[in-house]
Every structure is written in structure tokens, then in C-alpha cells.
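Here's a quick walk through the model you have open. Keep the 3D view handy and click along as you read.

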Amino acid sequence: MDELILHHYDGSPFSEKVRLILGFKGLAWRSVTVPRILPKPDVVALTGGYRRTPFLQTGADVWLDTALVARVLDRRRPEPPLYPPSAPLSPLLAQWADATLFWTVVPWVMQPAGVAAMFAGAPPEAAKAFGADRAAMTAGMKRLSTAEASVLLPQYLAALDGQLADGPGFLFGPRPTIADFSVAHCLWFVQRLPPVAHILAPHARLGAWLERMRALGHGQPTPMGSDEALAVARAAGGRFVPCAVAEGLGFAAGQRVRAAATDYGADPIVGTLVGLDADEAVIEREDPQAGTVHVHLPRLGYQIKPEETV
Ligand SMILES: N[C@@H](CCC(=O)N[C@@H](CS)C(=O)NCC(=O)O)C(=O)O
């Protein structure tokens with residue numbers, strides 16, 4: 001079975017979501033550190049344009065977005081399950097956390113004291129370059145102010161704390177589900193920066209739960225260079241995880257398509273459609289460095305169009 005290669009960086013909350021899932025599942029993985037800001041030539045060689053963090057690689061298959069990466073890891077090691085039938089709403093809470101809680105936490109964390117803590121010890125240009133990169137990535141997106149976040153976040157934290165009232169378990173019972181990982185990465189982002197972490201203090205159950213989540217660890221990572229990851233893709237030589245384009249979904253196998261995220265970081269991926277169902281699309285593309293790769297993306301949060309449509 002191909003090794004799991006996670007492309008990520010230490011301070012990335014969505015990467016922490018996947019690292020904790022790898023810990024929960026007790027999986028071994030290869031760890032490729034990607035740049036925090038553009039340019040990201042080795043990332044784009046694999047993804048075809050997608051610049052967000054993290055993404056997963058197995059051989060010449062590249063899996064975008066943590067919603068899809070989580071499903072791939074759950075298929076790789078089904079026990080313990082991320083989507084137990086006993087918690088049918090947990091994927092919906094996960095969606096809320098990834099889309100709404102995260103974008104409430106960001107303005108809270110990125111207030112001046114948070115930025116100062118995040119870039120402590122780095123040259124002043126680092127914070128400036130980061131700000132400019134993220135402003136370009138989210139251009140056109142309506143973002144909350146710090147003042148708005150400071151009103152909403154305590155309400156969200158109180159609701160999550162209340163959900164834990166039954167005892168020292170997780171959001172939907174005695175074991176973590178996908179919802180716990182999506183909420184945990186947002187609160188981890190707050191907790192690691194002391195000048196903004198005080199907002200968590202009134203919520204003792206939530207604090208204890210976050211410690212239980214952190215205790216899951218990160219599995220067994222081994223470092224890998226991005227050049228080695230590109231070589232793994234090339235060496236796969238056209239061997240891919242099987243996929244097919246289902247009928248009745250408006251697209252045909254072999255059709256040229258363009259796909260992009262609908263929220264932010266919407267750099268398009270262009271190639272040939274080789275897989276499509278209700279959950280996932282697969283685009284085949286050629287790259288001089290990576291060879292032929294299959295880029296997998298979730299349907300949720302992404303739009304696929306014929307290539308000629310702009
Ligand atoms: N929906 C995406 C969101 C990923 C995301 O926004 N990641 C942040 C880092 S935590 C990002 O991509 N920032 C810009 C970058 O790393 O280039 C997912 O679940 O993977």
C-alpha cells in the first residue's frame with residue numbers, strides 16, 4: 001500500500017486537524033513541510049494550482065481538502081471510526097466548524113497581540129508578507145472584524161462547552177468523531193497564542209476536552225523532502241486508485257474540466273475528468289515534475305465546470 005504523505009506546515013490549523021486524525025488512527029505517515037505563503041512550486045506541481053494547506057498524497061494520487069482527506073484516512077483505517085452511525089450530525093457540525101467557527105477564530109487570533117505572538121522572533125517583513133498573501137487569497141470574501149468575532153466566539157464556545165456537560169467524553173459521546181477534529185483545530189489555533197487564549201478560560205470542560213484531543217498525538221511521522229514526494233508521484237508511473245465518472249451527473253469521462261474552491265484560494269485546477277460521484281471529483285493532469293497525477297477534490301465547497309466556461 002502506498003505511503004501516506006501529508007504536505008503541511010506546523011502552524012496550520014487545518015493541518016493540525018489531519019495530524020490529530022492520524023494520531024487517533026495510529027497511522028504512520030511521511031511529513032513534507034510546505035511554504036506558508038506563495039510561491040509554492042512543488043505544491044502546485046502536484047495539485048495543479050491548488051495552494052491551500054494541507055493535502056495528502058498516496059503515490060500519484062493527490063487528495064485536496066481536509067473534508068476529503070479525513071474520508072481517505074477513515075477508509076485506510078476504519079477503526080476507530082470518524083463517522084460512527086450513532087452520530088449522524090457530526091459531519092454537519094464538522095462543516096460548521098471548518099467554515100464558520102474557523103473564520104470566527106481567524107479575526108480573533110489575527111488581532112495585533114495575536115499576530116505579535118505568532119511572529120515573535122521573526123523579522124517584521126514576515127508578518128507583512130503573510131498578511132499580504134492571505135489578503136490576496138481571500139479577496140472578495142466577506143470577513144468578520146475582531147469586534148464581531150469577540151461577540152460571536154464566546155457564544156460558540158459556551159455552546160460547545162455545554163455539549164460536553166455529560167462527562168469527560170467527546171462532542172458526540174465516549175469517542176471522538178469528525179466533529180471533534182474540526183472543532184479542535186480551530187481552538188488549537190487560539191490556545192497556542194497566550195495573548196488571545198484567555199477567551200477559552202471560562203470554559204473548563206472545553207479546555208479539558210482540548211487536552212484529551214491533543215493527547216491523541218500525531219501518529220508516527222517521518223520527514224520527507226518535497227523533491228522526494230515528486231519522485232514518488234513520477235515513480236507511480238500511471239498507477240492510480242481506481243475511479244470512474246458516474247452517469248447522470250452532467251459530465252462525461254474524458255471531458256476537459258476546470259475546478260476551483262468556491263470560498264477562497266480559488267486557483268483553478270484544469271485537466272481531464274476521470275472520476276465523479278456525489279462526493280468526489282478526480283482530475284487527471286500532466287506535470288513536468290510530478291508526471292501524470294490524479295487530483296481528487298470533494299464536491300462540497302468546489303465547483304467543476306467544462307474547461308471552456310470561465
Ligand atoms: N477547506 C480547506 C481549508 C484549508 C485552509 O484554509 N487552510 C489554510 C491553512 S490552515 C490555508 O490554506 N492557508 C493558505 C496556505 O496555506 O497557503 C480544508 O479543509 O482543507
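**The short version**

Helix 1 (13-25) and helix 3 (66-76) each bring at least two residues to the shell around the ligand. Bear in mind that this is a predicted model. The chain has 11 helices and 10 strands, and the 10 strands come together as an open, mixed sheet.

**Around the ligand**

- There are 14 residues around the ligand, and the ones that come nearest are Ser12, Phe14, Arg52, Thr53 and Thr66.
- Sorted by class, the shell holds four nonpolar, five polar and five charged residues.

**Overall build**

- The chain's radius of gyration is 19 Å, and a compact globule of 310 residues would come out near 19 Å, so the two agree.
- If you want a feel for the dimensions, the C-alpha atoms fill a box of roughly 55 × 50 × 40 Å along the principal axes.
- Of the 310 residues in the chain, 38% are buried.
- Take the contacts between residues at least 6 apart in sequence: 73% of them join residues at least 24 apart.

**The sheet**

- Reading across the open sheet, the strand order is 5-2-1-3-4-9-8-7-6-10, with mixed pairing.
- Strand 5 (220-223) and strand 10 (302-306) are the edge strands, each pairing on one side only.
- From one strand to the next, the twist averages 35°.
- Helix 11 (residues 226-236) packs on this sheet, where it touches strand 1 (5-8), strand 2 (28-33), strand 3 (55-58) and strand 9 (291-298). The direction of helix 11 makes about 100° with that of strand 9.
- Strand 7 (residues 269-276) and strand 8 (residues 280-287) run antiparallel and are joined by four bridges. Within that stretch, Gly275 sits opposite Val282 of strand 8.

**Strand 6 and its two partners**

- Which way do the side chains of strand 6 (residues 256-261) point? They alternate: Val257, Ala259 and Ala261 point to one face and are buried, while Arg256, Arg258 and Ala260 point to the other and are not.
- Strand 6 is joined to strand 7 by four bridges, and the two run antiparallel. Here the bridge partner of Val257 is Gly271 in strand 7.
- Strand 6 is also joined to strand 10, by five bridges and again antiparallel. There, Val257 stands opposite Pro306 of strand 10.

**Two residues to click on**

- Ile5 is found in strand 1. Is Ile5 buried or exposed? Ile5 counts as buried because it has 22 C-beta neighbours inside 10 Å, and 20 or more is the cut-off.
- Leaving out residues up to four places away in sequence, Ile5 touches Arg30, Val32, Leu56, Gln57, Thr58, Met224, Ala229 and Val232.
- One of those partners, Val232, is 227 residues from Ile5 in sequence, yet their C-alpha atoms are 9.7 Å apart in space.
- Asp42 has its place in helix 2. With 19 C-beta neighbours inside 10 Å, Asp42 counts as partly exposed.
- Beyond its neighbours within four places in sequence, Asp42 is in contact with Ser226 and Leu230.
- For a sense of span, Asp42 and Pro174 are 41 Å apart, C-alpha to C-alpha, with their positions 132 residues apart in sequence.

**Backbone oddities**

- The Leu38 to Pro39 peptide bond is cis, with omega near 5°. Pro39 belongs to the loop between strand 2 and helix 2 (41-47).
- Going from Glu79 to Pro80, the peptide bond is cis too, with omega near -10°. Look for Pro80 in the loop between helix 3 and helix 4 (90-109).
- Asp65 has a positive phi, near 80°, in a residue other than glycine. Asp65 lies in the loop between strand 4 (61-64) and helix 3.
- Why does Asp65 count as buried? Because 23 other C-beta atoms lie within 10 Å, and the cut-off is 20 or more.

How values were computed:
Residues numbered from 1 in each chain as written. Predicted model: local features only at pLDDT ≥ 70, side-chain atom pairs only at ≥ 80, totals over all residues. Near = placed C-beta within 6 Å. Nonpolar A, V, L, I, M, F, W, Y, C, P; charged D, E, K, R; others polar. Pairing = 2+ DSSP bridges. Axes fitted to C-alpha atoms, helices over the stretch in contact; angles between N-to-C directions. Contact = placed C-beta atoms within 7 Å. Buried ≥ 20, exposed ≤ 12 C-beta atoms within 10 Å, placed from the backbone. Rg over C-alpha atoms; globule rule 2.2 N^0.38 Å.
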